[in-house]
Amino acid sequence: MQVTEAFKHAFLKQMLLGFQASAVSTKSMGFQERKNAIKLSADVAMAVARGSRKWTRGLIAGLSEERQNRSFLRLILGEQYESLLKPCHSSWKIPRCKKIVRRSLRICWRKQKKNQSGVLARTLVEKRTQELKRLVPGGKSMDGSSLLDETLDYVLSLRAQVDLMQSLLTTFEASKLRSHSKRRLPERKASYVSK
Amino acid sequence: MSSRRPRSWQSSSASRITEEQINDLVSKLQAVLPEARIRRSDRVSAAKVLQETCNYIRSLHREVDDLSERLSELLASTESSSAQAAIIRSLLM
């Protein structure tokens with residue numbers, strides 16, 4: 001996945017629509033309410049800008065599980081909303097396969113006592129995979145190879161979302177500086193990079 | 001990681017990730033993770049890369065949360081017209 005100019009434009013445009021739909025500049029809105037509205041706009045903007053992927057459908061489905069989000073989602077997604085909520089075809093397969101995997105895992109442990117490091121590595125991968133399934137939207141109903149594909153795509157989209165929100169913040173701060181030239185706002189450093 | 005695969009594993013391929021798929025995605029994910037986390041010259045285990053990916057996703061979620069808070073603070077004291085003007089300006093940049 002490439003973060004194209006088209007993606008950036010679609011994201012920012014969708015953010016603007018989201019801000020308008022939820023009236024984030026209303027003075028009477030509480031801090032938490034405004035923050036949630038912004039976060040919701042940002043997530044929808046990311047999903048819309050990316051287009052149809054398993055994780056984007058999973059994201060919208062997850063967001064619509066909360067009742068207070070539904071009218072907003074219906075408003076800004078329009079017809080797309082209903083089609084985005086259709087369940088994934090492969091989801092019915094997974095409960096059965098989990099049983100098979102668990103059974104073979106048990107057989108493996110008994111047969112492979114000599115080769116414990118191999119089994120341990122596989123179990124660790126399985127454990128990390130389950131963790132990843134919880135983090136990637138719609139991950140629960142994805143099979144192994146889809147999960148890894150969607151993860152890569154999701155990570156790149158998340159990074160773009162962070163970058164675009166940061167640039168939005170910078171733009172707002174700059175325009176405030178222009179109108180209130182006395183006030184200085186603090187610089188924000190990227191917090192992720194650690195040693 | 002052992003390359004031997006007992007027959008009982010092969011029947012459950014639907015939710016199990018094969019080693020080839022892992023190796024392919026390990027290199028792609030490594031390229032995407034921040035440099036500070038995993039040295040690219042080392043051959044790292046799939047489990048390590050998956051773990052670092054989980055950590056990275058969580059950290060990106062925290063960043064989005066933090067940025068939402070900062071935007072919230074800023075928009076609280078901004079006129080809606082100038083907020084929209086700022087976004088349109090970013091769109092045109």
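**View 1. Burial and layout in chain B of a predicted model.** Buried residues account for 46% of the 93 residues in chain B. Chain B carries four helices and zero strands, so to speak a plain α-α-α-α run when you read along the sequence. Take the contacts in chain B between residues at least 6 apart in sequence: 11% of them join residues at least 24 apart.

**View 2. The largest nonpolar core, with Phe11(A) and Met165(A) picked out.** This core has 62 residues, and Phe11(A) and Met165(A) are the ones that touch the most other members. Helix H8 of chain A, residues 144-179, chips in the most, with 14 residues.

**View 3. Zooming in on the surroundings of Phe11(A).** Leaving aside residues up to four places away in sequence, Phe11(A) touches Ala42(A), Ala45(A), Met46(A) and Ala49(A). Gln161(A), Leu164(A) and Met165(A) are also touched by Phe11(A).

**View 4. Helix H2 packed against helix H3 in chain A.** H2(A) covers residues 31-50 and H3(A) covers residues 54-64. Their axes sit 9 Å apart, at an angle of about 150°. Angles over 145 degrees count as roughly antiparallel, and H2(A) and H3(A) are therefore roughly antiparallel to each other. Their crossing is left-handed.

**View 5. Who does the touching between H2(A) and H3(A).** From H2(A) come Leu40(A), Asp43(A), Val44(A), Met46(A), Ala47(A) and Arg50(A). H3(A) answers with Trp55(A), Thr56(A), Leu59(A), Ile60(A) and Leu63(A). Sort the residues of this contact by type and you get eight nonpolar, one polar and two charged. Met46(A) turns up here in the contact with H3(A) and is also touched by Phe11(A).

Note on methods
Residues numbered from 1 in each chain as written. Chains lettered and ligands numbered in written order. Predicted model: local features only at pLDDT ≥ 70, side-chain atom pairs only at ≥ 80, totals over all residues. Heavy atoms only, no water. Core = buried A, V, L, I, M, F, W, Y, C linked by side-chain atoms within 4.5 Å. Buried < 20%, exposed > 50% of the residue type's maximum accessible area, 1.4 Å probe, protein only. Helix = DSSP H or I, 4+ residues; strand = E, 2+ residues; numbered from the N terminus. Contact = heavy atoms within 4.5 Å. Axes fitted to C-alpha atoms, helices over the stretch in contact; angles between N-to-C directions. Parallel < 35°, antiparallel > 145°, perpendicular 65-115°, else oblique. Left-handed = near helix turned anticlockwise from the far one by under 90°. Nonpolar A, V, L, I, M, F, W, Y, C, P; charged D, E, K, R; others polar.
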